[in-house]
Amino acid sequence: MSTCVAHAPMGRGMKMGKLYSRKECRIVTDGYRHLITVLLLMLAAATAHAGGEEALAKESQNPVANIISLPLENNLDFGVGPEDARVNTLNLKPVYPVNLGKLNLINRVIAPLVYQEERFEGEGSQSGLGNITYQAFLSPAAPSEIIWGLGPAVILPTNTDDRLGVDKWSMGPA
């Protein structure tokens, strides 16, 4: 019976340089072969997925693309009012496209969550929801060199405090 020396990682019940029978060696080397095969398959899958990520990254830069997204935009303003207050606005901007054949209807909502420090003496700080803006764009479903979209913008008076928005409905082109 021939033997071999297997160098396996410690902690697996094997010791460095231990003598194994041919059958035991085959089991150990088959285990490594399977591990290497799995790692190569994972690498191939990641490489194939990377091509899809590039296309997704390009499409995500198109403001009227047929892609559902939830962008977040944070604005921090310094030196507001005579008290040099800070105002932080986090805009939640979900986008939900609907395919209408040759056109896409892109639905976009902008919901501002606002925190502002005391801008004027005695005013106090305030946080809450600002006015929500709804935008609807009609754009071609098939991408071309020129990216365009037409539609309305509606501002809804959803502010939770008078300091966070105006209590008026507004509408105009988007």
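User: Why is the contact between Glu123 and Arg163 called a salt bridge?

Analyst: In this predicted model, the side chains of Glu123 and Arg163 meet at 3.8 Å, N to O. The cut-off is 4 Å between a Lys or Arg nitrogen and an Asp or Glu carboxyl oxygen, so the pair qualifies.

User: What makes this pair a tie between separate parts of the sequence?

Analyst: Glu123 sits in the loop between β6 and β7. Arg163 sits in the loop between β9 (152–156) and β10 (170–173). The two parts are 40 residues apart in sequence, so the salt bridge ties them together. Arg119, Glu123, Asp161 and Arg163 are joined into one network by salt bridges that share partners.

User: Is Glu123 buried or exposed, and how do you know?

Analyst: Neither label applies: Glu123 has 23% relative accessibility. Buried means under 20% and exposed over 50%, so Glu123 counts as partly exposed. Arg163, at 25%, is also partly exposed.

User: How do you know that Glu73 and Lys93 form a salt bridge?

Analyst: Their closest N and O atoms are 3.4 Å apart. That is within 4 Å, so the definition is met. Glu73 lies in strand β3 and Lys93 in the loop between β4 and β5, so the pair ties together parts 20 residues apart in sequence.

User: Why does the contact between Glu117 and Arg86 count as a salt bridge?

Analyst: The N to O distance is 2.7 Å. The limit is 4 Å, so the pair counts. Glu117, in the loop between β6 and β7, is 31 residues from Arg86 in strand β4. Arg86 has a relative accessible area of 42%, which makes Arg86 partly exposed.

User: How many salt bridges does the structure hold?

Analyst: The structure holds 5.

Definitions and conventions: Residues numbered from 1 in each chain as written. Predicted model: local features only at pLDDT ≥ 70, side-chain atom pairs only at ≥ 80, totals over all residues. Heavy atoms only, no water. Helix = DSSP H or I, 4+ residues; strand = E, 2+ residues; numbered from the N terminus. Buried < 20%, exposed > 50% of the residue type's maximum accessible area, 1.4 Å probe, protein only.
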